[in-house]
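Me: I am new to this structure. Please take me through it, and show how each label is earned.

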Amino acid sequence: MKKTKFYITTPIYYVNGAPHLGHAYTSTAADVLARWHRLEGDDVFFLTGTDEHGQKVEAAARAAGIEPQEFADRVAADFEDMAKAMNISNDDFIRTTMPRHKAACQAIWKKLQENGFIYLGAYEGWYAVRDEAFYDESETALKPDGSRYAVASGAAVEWVVEPSYFFKLSAFQDKLLEFYEANPGFIAPTAKRNEILSFVRSGLNDLSISRTSFSWGVPVPDDETHVMYVWLDALVNYLTATGYPDETAPRWGYWPASLHLVGKEIIRFHSVYWPAFLMGAGLPLPEKVFSHGWWTVEGEKMSKSLGNFIDVRPLVQEYGLDQIRYFLLREVPFGNDGDFSRDALKRRINSDLANGIGNLAQRTLSFIGKNAGAAVPPKGALQETDEALIAQAVALPEKMRATMDKLAFHEALDEAWRVIRAADGYIDAQAPWSLRKTDTDRMNSVLYTLCAVLRVLGVVLQPFMPETMGKLLDYLALSEDRSLAVLDAPLVEGTALPTPSGLFPRVVEAA
Ligand code: MSP
């Protein structure tokens, strides 16, 4: 059977500053989905990378007193390091300064030009370097000190007058609206979709797609006085990775992307400009763009002026990798804004991980190690309550699939925790420690049931907590294949089990 293709992307991160919690969030969410689809047996291609051109990066390099390329090399390496630290399983890491990417940008530019969607003009209007975005005056406002800023983001805008190539975005208004209509799931969540629909309905201006006042970018073909607008350059990365424009490239078949995960502030670029560029180039459109919310830290927006950017790496050192991954996806419904606080993190670790799955696994496995021959116990004759718990666990993958398909990570986890709570109740009621003295056959059936439940939990929770769930599956002596398909085979009674150790240590609460 041909595997279903699943091509998922994160935004590519600007290299003007160091990686922080917000970037780690988008990457972790994408990673969980990529791993989930691999578990389902899909043919996954997972892309992340760095966005290295533009005025903002050039200015940051200048401030650091080094050449933009050297600066980008340093920061991109830091982003790769963060991806490693978060155990992100990307299949490729694209950097927009790579030759393969420049070639893809120039190829799409030529295509758009050939198709009549590019013309030369002059831009006169507002530009926010921080957002790398052009704004209509109606999208800006004045501060009390007389300076102007973009209302949506708060970024300062400056007046720009320069020759520029334009993309005929205005020609795509109706086509985009028809496309949104025909593909209601293209922009999610719904609130974002509505926002974008009203933006497009209100009319689209042609888009400036080149700059002449600086040179840190991909040169426009046949007119090297211009560099491409950084957002055109950046969006094309999703195509570059498939080998575009080389139709014989090994990854060509992955386009169109199944899902672009983006933060809420960049949904317009992905759901208006990007599909219009693709339509203009005659390329198929991605299936879905999902916008997630923003994290504040201890109630405050992360900002340079407050100096409160959180680097996830020290948090991983302090609390553990899977603890952080779990927290990010459990704490806040995906799509909503949320607040990161150490108290909330510690609470989740202790109640859900240490006292939840950690305790269930440890109680079961160390008991088997000490009192049941350190092997998968014989099943014996299962009773109704055993069957009921097993049935609940067996139904879990399907329930999680339904929630994962809508990117409701917190609900997927909640489904798993229902099973954990049921298993906790079961172990208390069955009290294997008492059965040890009175009825070892029954004790074995109870322990077998718990092993069966732990195996399901270990398998389905791998995308969220790959390292720790890998350990749990090692303790259950599960073979190499740890995909959902393995759950169809029965547990092998008598399989020797290694000595387990705790999965999630408790965190001491601050006084
Ligand atoms: N370079 C562009 C994306 C180009 S994609 C073709 C960009 N880069 S970014 O580094 O500024 O942001 C990348 C991602 O990080 C966005 O999805 C953004 O939402 C996310 N986050 C940045 N700060 C964040 C929070 N405080 N909270 C959650 N995510 C946030 O935009």
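Reply: Start with pairing: two strands pair if DSSP finds at least two bridges between them. Strands are DSSP runs of E, at least two residues long, and helices are runs of H or I, at least four residues long, both numbered from the N terminus. Tyrosine 119 stands opposite phenylalanine 166 in β9. This is a predicted model: local features need pLDDT of at least 70, side-chain atom pairs count only at pLDDT 80 or more, and totals for chains, interfaces and linings use all residues. Residues are numbered from 1 along each chain as its sequence is written, and side-chain values use heavy atoms, with hydrogens and water left out.

Me: How do you know that β5 and β9 pair?

Reply: Ten bridges join β5 (residues 118–128) to β9 (residues 158–167). Pairing needs at least two, so they pair. The sense is antiparallel.

Me: What else does β9 join?

Reply: β9 also has two bridges to β11 (residues 207–208), again antiparallel. Phenylalanine 167 has leucine 207 as its bridge partner in β11.

Me: Why is β1 called mostly covered?

Reply: Buried means under 20% relative accessible area, exposed means over 50%, and partly exposed lies in between (1.4 Å probe, protein chains only). In β1 (residues 5–9), four of the five residues are buried.

Me: Which strands does β1 pair with?

Reply: β1 runs parallel to β3 (residues 43–51), with five bridges. Tyrosine 7 has phenylalanine 45 as its bridge partner there. β1 also runs parallel to β15, with two bridges. Here threonine 9 is partnered by histidine 260.

Me: What makes β12 and β13 edge strands?

Reply: Each pairs on one side only. The open sheet has three strands in the order β12-β14-β13, with antiparallel pairing. β13 (219–220) has two bridges to β14 (residues 223–228). In that pair, proline 219 is partnered by valine 227.

Me: What is notable about the phi of aspartate 222?

Reply: Its phi is near 65 degrees, a positive value in a residue other than glycine. Most residues other than glycine have a negative phi, and most peptide bonds are trans. Aspartate 222 lies in the loop between β13 and β14.

Me: Why is aspartate 222 called exposed?

Reply: Its relative accessible area is 77%. The cut-off is over 50%, so aspartate 222 is exposed.

Me: Why is alanine 374 called partly exposed?

Reply: Its relative accessible area is 26%. That value is neither under 20% nor over 50%, so alanine 374 is partly exposed. Alanine 374 lies in the loop between α12 and α13 (384–394). Its phi is also positive, near 50 degrees.

Me: How do you know that α12 bends?

Reply: The bend at a residue is the angle between axes fitted to the seven residues ending there and the seven starting there. For α12 (residues 342–371), that angle is about 45 degrees at asparagine 359. Glycine 373 follows α12, with a positive phi near 75 degrees.

Me: Which peptide bonds are called cis, and what are their omega values?

Reply: One joins alanine 188 and proline 189, with omega about -5 degrees. Proline 189 sits in the loop between β10 (187–188) and α6 (190–201). Another runs from tryptophan 255 to proline 256, with omega near 5 degrees. Proline 256 is in the loop between α8 and β15.

Me: What makes the pair at aspartate 51 a polar contact?

Reply: A polar contact is a pair of N or O atoms within 3.5 Å; within protein, one must be able to donate a hydrogen and the other to accept it, and residues adjacent in sequence count only if both atoms are side-chain atoms. A ligand nitrogen is 2.7 Å from an N or O atom in the side chain of aspartate 51. That is within 3.5 Å, so the pair counts. A ligand oxygen lies 2.8 Å from a backbone N or O atom of glycine 263.

Me: How much of the ligand does the protein cover?

Reply: The protein covers 95% of the 670 Å² of accessible area that the ligand has on its own. Such areas come from the Shrake-Rupley method with a 1.4 Å probe; for residues, only the protein chains shown count as cover.
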